[in-house]
Amino acid sequence: MASLTLRINNKDYPMEVDPQMPLLWAIRDFAQLTGTKFGCGISQCGACTVHIDGEPVRSCVTPVSGATGKSITTIEGLSADNDHPVQQAWQEEQVPQCGYCQSGQIMTAAALLRKHPQPSEEQVSAYMSPIICRCGTYVRIKKAVSKAIEINQKA
């Protein structure tokens, strides 16, 4: 065990944890932020995607030691009032079905738009395709990403 502090959503969370513990468990069990989901546990589905220093990472395979001293953003910290363009688009396009992959989908789309405010269709497909939706809402996800690009352009 080690004493360390994680900075999650601009708030410090001191904790006593094994530095090799997956970041996902620190976020969910120690910081009590349960919006980030456990999917596969092997970095294949993307349900656990969070941002570390603005980059999307799979928190199920990222050790806590790899996130110490960095800025972690979860779905709860993406915006103050769920008004991020991607969150607005998700609501307008009524994307979620079971909702399990949604935080990973939204965090991935938000990272895409930060890097490429006007991504090509190929960039959207390349960025979003590794995130698995077991409900198969890919058409609505793609539509929502397009809507988020529109919202982003108007802002």
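This is a short talk through the sheet of this structure, one helix that lies across it, and one tyrosine in another helix. Please keep in mind throughout that what we are looking at is a predicted model.

Let me begin with the sheet, which is open and has five strands in the order β2-β1-β5-β3-β4, with pairing that is mixed. At its edges are β2, covering residues 11–17, and β4, covering residues 55–58, and each of these pairs on one side only. From one strand to the next, the twist averages 40 degrees.

As general background, the strands of a sheet pair through backbone hydrogen bonds, and they do so either parallel or antiparallel. In our model, β1, which is made of residues 2–8, pairs with β2 in the antiparallel sense, and seven bridges join the two. If you would like a position to look for in the structure, Arg7 stands opposite Asp12 in β2.

Next comes helix α1, residues 23–30, which lies across β1, β2, β3 and β5, where β3 is 49–52 and β5 is 71–73. The direction of α1 is at about 105 degrees to β2.

Finally, I would like to turn to Tyr127, which is found in helix α4, residues 121–128. Is Tyr127 buried, exposed or partly exposed? Its relative accessible area is 21%, and because the cut-off for buried is under 20%, Tyr127 counts as partly exposed. Leaving aside neighbours within four places in sequence, Tyr127 is in contact with Pro56, Thr108, Ala111, Leu112 and Lys115. For Ala111, which is 16 residues away from Tyr127 along the chain, the C-alpha atoms of the two residues are separated by 9.1 Å.

Conventions. Residues are numbered from 1 along each chain as its sequence is written. This is a predicted model: local features need pLDDT of at least 70, side-chain atom pairs count only at pLDDT 80 or more; totals for chains, interfaces and linings use all residues. Side-chain values use heavy atoms; hydrogens and water are left out. Two strands pair if DSSP finds at least two bridges between them. Helices (H or I, at least four residues) and strands (E, at least two) are DSSP runs, numbered from the N terminus. Axes are lines fitted to C-alpha atoms, for helices over the stretch in contact, and angles run from 0 to 180 degrees between N-to-C directions. Contact means heavy atoms within 4.5 Å. Buried means under 20% relative accessible area, exposed over 50%, partly exposed in between (1.4 Å probe, protein chains only).
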